Amino acid sequence: MAQTQLAPLQVLLDLCGRYMSAADLALVREAHAAADAAHAGTNRKSGEPYIEHPLAVASILAELAMDVEGIAAALLHDTVEDTQLTLDGVRTRFGPAIARVVDGVTKFGAAEATETLRASATLDGATPTLAQRKASKERQQAESVRKLLKAMSHDPRVVLVKLADRLHNLRTLDAMSDTQRERTARETLDIYAPLAGRMGLYNIKSELEDLAFRYLDPDAYAHTVQRLDDETAKRTHWAERMVERMQRELVASGIQAAVNWRVKHPYRAWIEARESGMDIALLHDLIAFRVLVNERDECYQALRVIHHLWHPYSERIRDYVSTPKLNGYQSLHTAVFALDGRLAQMHIRTHAMHRASQHGMATYWLERAEAGAQHAPAAPLWTDHKPRWVDRFASWDDDAKLSAAEFVTTLRGEVLEEQVFVFTPKGDVFELPAGATVIDFAYQIHTEIGDHTAGAQILSSDPDGLLEAQQVPPEYVLRTGDIVRVLRSPASQPSVEWLQAAQTLHARERIRRALRRGEEPAAAQRLEPAAESEPGLPGPLRHPSGRAATVRLGRCCYPCPGDKIAGLVESGTLVTVHRACCRTLHAALARRRARSAAHAEPLRVRWEDLQPIAYRLHLAIHGQDHRGLMHEVSACVAQLGLSVAGGLASANRARYKAAITITLDIPPTMWREQVMRRLRTVPGVLRVERDVRAGCDETAN
Ligand code: MN
């Protein structure tokens, strides 16, 4: 019997022994003894002694070479919540660092929550109803997430212990009740798996996703696994021949490489197949080969060997080694027409890059263990490299006084879901939730800048690698890679429209604050009477209010006669018309849908429904870089009798090339082809195109 008690501890000690000193191992034993005593006599639902759970959690972390404080905290993580041991007790015996981690993973007010429930029950004179219990449970769950993430901004080990805890709980779902399982699996997909991804812990993320998926949708899970097995079986022979062939060629070229292949995880395969509408078998990276080498330079040598062996599919070549992804990911990607003419996806990287891609933030401890304690960096992980998103948690509470539920919603929307990365002209990276606008970015830089945002100059590179500039309104939806210079004007002020366009809590909070300071009347006026007094063009188009619509063309996407368009219903009789693909339009509609607001569907509009209307034409002019190009283009525009609404000459990244983006006000009587044809005759101009990318992801027409 003593054997079964000892074995899991021995597993942990063996793992720790690989990188810990004797003194550290003694502390691990001591933490185990304390936890074992505290949990003595309790079993998990599945029957084994409770202590096996904290031991397993600690072992998951020991595999990542977690330091002794992290391991001790993992062993003690359930004591304060479930046993007589108090936080003070842990602190006295094990010190403040370990106590802080234990506190971070301890459910919010485990004791208080039960108290409140009991109190409300006594008031009603009855035992708490199921609904009461559920509501209390949900509140506690949200409070616990908030507590965890705020603790995380002081010490990332808090989240690592929590993720390991969740991983073991999901591996052993039998140890939980049905309601617990459902709640745990959901919360894992909503919060913990994305959080693991955010920290770069891809191994843990995939396992969490697959386990939760298997529980929440057993049929889809089984079906996906079956499909993956079938596809793998079909391709195994081929994949093995590929590996063998590559190994042989690499050795012949003097490159030491480990070559293997992996199959996509069930949850990811299921999601990607569903989102792309394709059968699983057709996902391009269902199987990917990995070529792991020792040195950075060998990545390129290996790539050359492989491209010599098989013809590359050039559209799929990516060099994330010299230009890492913004999350730090490094690898060379290529796809080649390989044996049997099949397209094979390849990832080439060093062992170190590979480890970082699997373990993300935990690489810090792995490297520390490898260097040996005496060479370990003295500074704790987040002294230098704390990600900016981690710091937002504290400000959400201080600025906005969020409830726990609002905190969790904001966390999901602003941190865990899709992000875009944009740059300042100096090259600083800012990370914003997808759908964020220039307004969000401006407030992220400084409140003063936010309060007077008049728009921005955006630099982005076109397919030729040429930098292009465009001027955009404050509501412009940012895209990854945009270089953003915010334009300011004292006349520009926060408005109700801004409030609708802003995506981030921080920007919305600042705008509300500005509106409360008394600028609101002005803003409100601007919205309401605008419909009556602006020289808009009442056409046959009807506003849903029944009156003739006042039409304005969107300044975000520059709709031109002939484009597919859609209307956004505004207050009064105003309808703004956008290109059907406009990101600003879709973001506005999505926001309305999310808030269950009115007019969340686009209004059907055709050009015939509008009176002849003046429009703005947004053009990209490419030419040879000579000083007079902008001048000559301006002269041509003047000859046409047009006025320039905005124009920017951009940096000539490729020598002898220039790009000018120009925005022209065109009267209803003039065709855009007419204008473009004339501009093409200007000396030095090589190409004139309508810049359809402004505001839109798809190409128009
Ligand atoms: Mn636990």
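# Manganese site, buried elements and a small cavity

Trainee: Leaving aside neighbours within four places in sequence, which residues is H53 in contact with?

Mentor: In this predicted model, H53 is in contact with R44, H77, D78, D165, H168 and N169, once its neighbours within four places in sequence are left aside. What makes each of these a contact is that heavy atoms of the two residues come within 4.5 Å. H53 itself has its place in helix α3, which runs over residues 52-63.

Trainee: Why is H53 called buried?

Mentor: The term applies to a residue with under 20% relative accessible area, and H53 has a relative accessibility of 1%, so H53 counts as buried. Both H77 and D78, which are among its contacts, are buried as well.

Trainee: What makes a residue a donor of the manganese ion, and which residues are its protein donors?

Mentor: For manganese, a donor is an N, O or S atom within 2.8 Å of the metal. The protein donors are NE2 of H53, NE2 of H77, an OD atom of D78 and an OD atom of D165, and they lie 2.2 to 2.4 Å from the ion, so they meet that cut-off. Along the chain these donors follow the spacing H-x23-H-D-x86-D. Water is not among the atoms, so the site may look incomplete.

Trainee: What is unusual about the phi of A65, and where is this residue placed?

Mentor: Most residues other than glycine have a negative phi. A65 is not a glycine, yet its phi is positive, at about 60°. A65 has its place in the loop between α3 and α4, the latter covering residues 68-76. With a relative accessible area of 8%, A65 is under the 20% limit and is therefore buried.

Trainee: H599 is also a residue other than glycine with a positive phi; is it buried, partly exposed or exposed?

Mentor: Phi of H599 is near 55°, and H599 is placed in the loop between α25 (583-594) and β16 (603-604). Its relative accessible area is 37%; since buried means under 20% and exposed means over 50%, this value falls in between, and H599 is therefore called partly exposed.

Trainee: Why is H354 called buried, and which residues does it touch?

Mentor: H354, in helix α16 (residues 351-359), has a relative accessible area of 15%, which is under 20%, so the term buried applies. Not counting residues up to four places away in sequence, H354 touches R290, L292 and R349.

Trainee: How do you know that G695 is buried, and what does it touch?

Mentor: G695 lies in the segment after β20 (685-690), and its relative accessibility is 4%, under the 20% limit, so G695 counts as buried. Not counting residues up to four places away in sequence, G695 touches Y476, C556, C557, C581, C582, R583 and T584. The C-alpha atoms of G695 and L478 are separated by 8.9 Å, although these residues are 217 residues apart along the chain.

Trainee: Why is strand β19 described as largely enclosed?

Mentor: Eight of the nine residues of β19 (residues 658-666) are buried, so this strand is largely enclosed by the rest of the structure. Helix α20 (residues 438-445) is mostly covered, with six of its eight residues buried, namely V438, I439, D440, F441, A442 and Y443.

Trainee: How do you know that β17 and β19 pair?

Mentor: Two strands pair if at least two bridges are found between them. Strand β17 (residues 615-623) and β19 are joined over nine bridges in the antiparallel sense, so the condition is met. One of these bridges links I621 to its partner in β19, I660.

Trainee: What makes R388 a lining residue of the second largest cavity, and which other residues line this cavity?

Mentor: A lining residue has an atom within 4 Å of a cavity point, and the lining consists of R388, W389, R392, F430, E431 and Q444. Two elements, α18 (388-400) and β8 (429-433), each give two or more residues to this lining, and the largest share, three residues, comes from α18. The lining divides into two nonpolar, one polar and three charged residues. About 40 Å³ of space lies in this cavity, and the structure holds two cavities of 30 Å³ or more.

Methods:
Residues are numbered from 1 along each chain as its sequence is written. This is a predicted model: local features need pLDDT of at least 70, side-chain atom pairs count only at pLDDT 80 or more; totals for chains, interfaces and linings use all residues. Side-chain values use heavy atoms; hydrogens and water are left out. Donors are N, O and S atoms within 2.8 Å of the metal (3.2 Å for Na, K and Ca); water is not among the atoms, so sites may look incomplete. Buried means under 20% relative accessible area, exposed over 50%, partly exposed in between (1.4 Å probe, protein chains only). Helices (H or I, at least four residues) and strands (E, at least two) are DSSP runs, numbered from the N terminus. On a 1 Å grid over the protein atoms alone, a cavity is a set of points where a 1.4 Å probe fits but cannot get out, and a pocket is an open set with protein on both sides within 12 Å along at least five of seven lines; lining residues have an atom within 4 Å of a point. Grid points are joined across faces, edges and corners, and a volume is the space filled by probe spheres set on the points. Ala, Val, Leu, Ile, Met, Phe, Trp, Tyr, Cys and Pro count as nonpolar, Asp, Glu, Lys and Arg as charged, and the others, Gly among them, as polar.
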